[in-house]
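Welcome to a short set of exercises with worked solutions. Keep the sequence and the 3D view side by side, and try each task before you read on.

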Amino acid sequence: MGRAMREFITSRDIELRWALGEREVVLSPGDVVTGEAEELAERLGMRIVRLSETGEAFAAEGQPSGVAPALRPHDDAQRQGPVPAQASVHTRPRLDLAITGGVVVLPGEGTFETDVWIKNGRVVCLGSGAPRDSGRVLDAAGRYVLPGVVDPHVHLGLFAGLEEDLETETRSALLGGVTTIGCYLGGPGPHQSLLERLDKIVEEHSSVDVFPHLIIGTETQLDEMTLYAELGVTSFKFYMCGIPGLIQEVDDGFLMEGLRRCASARKRCVACVHAENASIVARASRPAGGPPADSAGSVPGGGGTQSNSYQVGSQGQLRNWAETHPSQAEEDAIRRLAWMTRVTGATVYAVHVSSASGLQAVREARASGLSLVAEVASPHLVLSWDSDRGSVAKMVPPFRSEEDRQALWRGVEDGTVSALGTDNVTMTREQKGLGGSFGDVMPGYPAMATHLAAVLTEGAIGRGLSIVRAAELLARGPSEVFGLYPRKGTLLPGSDADAVLVDVQRRTTIRHDELGSRAGFSLFDGCRLVGWPFTTVQAGRVVVEEGRSVDRSRGRLILR
């Protein structure tokens, strides 16, 4: 039957026991106390007592270690922050799935050699020795078991119907270990009618869970933000610099009002902001001697994107494209955004920060106490404007210099960056305009399937980033920002049973036709990435094995 089950004691357990009048916590061999629980117990004067294997009670000198010998941390375990509470389980339930023999990654806490027990789509406990009547035992020996990846920055339904994109792109996401997405939804009209249908659309067409963000670009949408929040959408997107033909930019007065409404809402709301100075971009994009262009290089009245200065052939295309969206435009917009954050008191999420100077502006804002959170898109951590990807890598914001890329990694490592997303924009080769003039190529690419592996390849393997920090950025961080934690972003008991098994020694050559996207191309075609998911578990069901879809999952709409 295996060893007795281990219990995790968290700060919420300590609070409850204190409220019930208990002044002592007795631990069985193998039980785990989280770092925050230890600190709270010490502040309250509660005594933590451990029982030896023989039943003898003892208390460690000074502060308890927090991890009992029977459930030892893996060698790279780190203690970086609080862990949420969960129900204690003292019986052996009949499980639907047990993930055994792996190294479990708990973001913010460390890595542990333990098993994950799953029933009814939830993690019920972390223990050893799965019950013999488990529905299925999944052997994870030699692999890390991470929480399912939460991609907070996804665009679907721009170049095809939302239903079609959900069908193909969320299956592709699962191949890459992404089990939950934050999807930006827009359009010129009121959003209420879409929200009334969205639950059914997601249930019928998505393979992953979806939490929606709404793009706010009109006065009607601005006026209805309170309604949207009451309907369960609490994150809103504003463009300080628009995407011509797709999304209109807003002025600072409009943005200030949006931030005020986020700050004053009954629920906690997050303002997601694309931060670039539109007038700087327009002037930088104009043809030599011509009028200012818009933010994608399209000259007013010119009949589309013109042959601007960035059209110089394959060598240097990405560098010259970056000059049309200079880093100064990003830095200026973020500094203005920081001032607006200070004035309004809003919680602000700066999406896809791409430059050293832009990230420094975020760092200074956070140091002054502002609730300004930075996201970096994973492709910007891997590629620079010196990449050989050419037109495939045309994006807004653009890939920048190697110095900028290294600065983004420093922000990842020092905590300035709170979350990683993809900024996935699905379009076919024809819709993107590949094969034609660089100036006519649309910005955007599919990126969900390669998100996790790209971060592990460049971060964990290339730079020594800990697997725990990677999981914080890929799962817990975005879950905390958008109010999903601890349902998402962890594998502690009570969380949704979304998990991904990876082997950081395994290398996989990327071929776009194996990624499941309708796009027909990938940024990483032909590249060898490590950490490719062996297995993806969605809501307690094994849906991907050995890189192949083996079961169809049904996603859920997450309202907050």
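**Exercise 1. The largest cavity**

How much space lies in the largest cavity?

*Solution.* Before we start, note that this is a predicted model.

Step 1. The largest cavity holds about 180 Å³ of space. The elements that contribute two or more residues to its lining are β13 (149-155) and β16 (235-239).

Step 2. Now look at the lining. There are 19 residues around the largest cavity, and those nearest its centre are His155, Ile243, Val396, Asp423 and Val425.

Step 3. Sort the lining by class: 12 residues are nonpolar, five are polar and two are charged.

Step 4. Put this cavity in context. Searching the whole structure gives seven cavities of 30 Å³ or more. The idea behind such a search is simple: a probe the size of a water molecule, rolled over the atoms, shows where empty space is left.

**Exercise 2. The second largest cavity**

Find the second largest cavity and describe its lining.

*Solution.* Step 1. Its volume is about 100 Å³.

Step 2. The second largest cavity has 15 lining residues, with Ser172, Pro446, Leu515, Ser517 and Phe521 nearest its centre. Keep Ser172 in mind, as this residue is also one of the buried residues of α3.

Step 3. By class, the lining of the second largest cavity has seven nonpolar residues, seven polar ones and one charged.

**Exercise 3. Two helices, α3 and α4**

Compare the span of each helix with its expected span, then find what covers each one.

*Solution.* Step 1. Helix α3 covers residues 162-175, which makes 14 residues. From its first C-alpha to its last, α3 reaches 20 Å, close to the 20 Å expected at 1.5 Å a residue.

Step 2. Do the same for α4. The end C-alpha atoms of α4 are 20 Å apart, which agrees with the 20 Å that its 14 residues should span at 1.5 Å a residue. Even so, α4 bends by about 45 degrees at Leu198.

Step 3. Is α3 mostly covered or mostly open? It is mostly covered, with 10 of its 14 residues buried. Among them are Leu162, Leu166, Thr170 and Leu174. Here is a hint for viewing any α-helix: there are 3.6 residues a turn, so residues three or four places apart point the same way.

Step 4. The buried residues of α4 are Leu194, Leu195, Leu198, Ile201, Val202 and His205. Notice that Leu198, where α4 bends, is in this list.

Step 5. Name the covers. The buried residues of α3 are covered by elements including β14 (178-185), α4 (192-205) and β15 (209-215). For α4, the covering elements include α3, β14, β15 and α6 (225-230).

Step 6. Finally, step past the end of α3. Gly177 follows this helix, and its phi is positive, near 85 degrees.

**Exercise 4. The largest pocket**

Which elements each supply at least two residues of the lining of the largest pocket?

*Solution.* Step 1. They are α3, β14 and α4. The largest share, three residues, comes from α4.

Step 2. The largest pocket contains about 380 Å³ of space. It is lined by 21 residues, and the closest to its centre are Leu185, Gly186, Gly187, Ile215 and Leu246.

Step 3. The lining of the largest pocket divides into 11 nonpolar, eight polar and two charged residues.

**Exercise 5. Two residues up close**

Decide whether Ser207 and Gln221 are buried, and list what they touch.

*Solution.* Step 1. Ser207 sits in the loop between α4 and β15. Its relative accessibility is 1%, so Ser207 counts as buried, the cut-off being under 20%.

Step 2. Leaving aside neighbours within four places in sequence, the contacts of Ser207 include Thr170, Arg171 and Leu174, as well as Gln538 and Arg552.

Step 3. Gln221 lies in helix α5 (residues 219-223). Gln221 has a relative accessible area of 1%, and is therefore buried.

Step 4. Not counting residues up to four places away in sequence, Gln221 touches Gly187, Pro188, Gly189, His191, Ile215, Ile216 and Tyr228. Gly187 is 34 residues from Gln221 along the chain, and their C-alpha atoms are separated by 9.8 Å.

Terms used: Residues are numbered from 1 along each chain as its sequence is written. This is a predicted model: local features need pLDDT of at least 70, side-chain atom pairs count only at pLDDT 80 or more; totals for chains, interfaces and linings use all residues. Side-chain values use heavy atoms; hydrogens and water are left out. Helices (H or I, at least four residues) and strands (E, at least two) are DSSP runs, numbered from the N terminus. The expected span of a helix is 1.5 Å times one less than its number of residues. Buried means under 20% relative accessible area, exposed over 50%, partly exposed in between (1.4 Å probe, protein chains only). Contact means heavy atoms within 4.5 Å. The bend at a residue is the angle between axes fitted to the seven residues ending there and the seven starting there. On a 1 Å grid over the protein atoms alone, a cavity is a set of points where a 1.4 Å probe fits but cannot get out, and a pocket is an open set with protein on both sides within 12 Å along at least five of seven lines; lining residues have an atom within 4 Å of a point. Grid points are joined across faces, edges and corners, and a volume is the space filled by probe spheres set on the points. Ala, Val, Leu, Ile, Met, Phe, Trp, Tyr, Cys and Pro count as nonpolar, Asp, Glu, Lys and Arg as charged, and the others, Gly among them, as polar.
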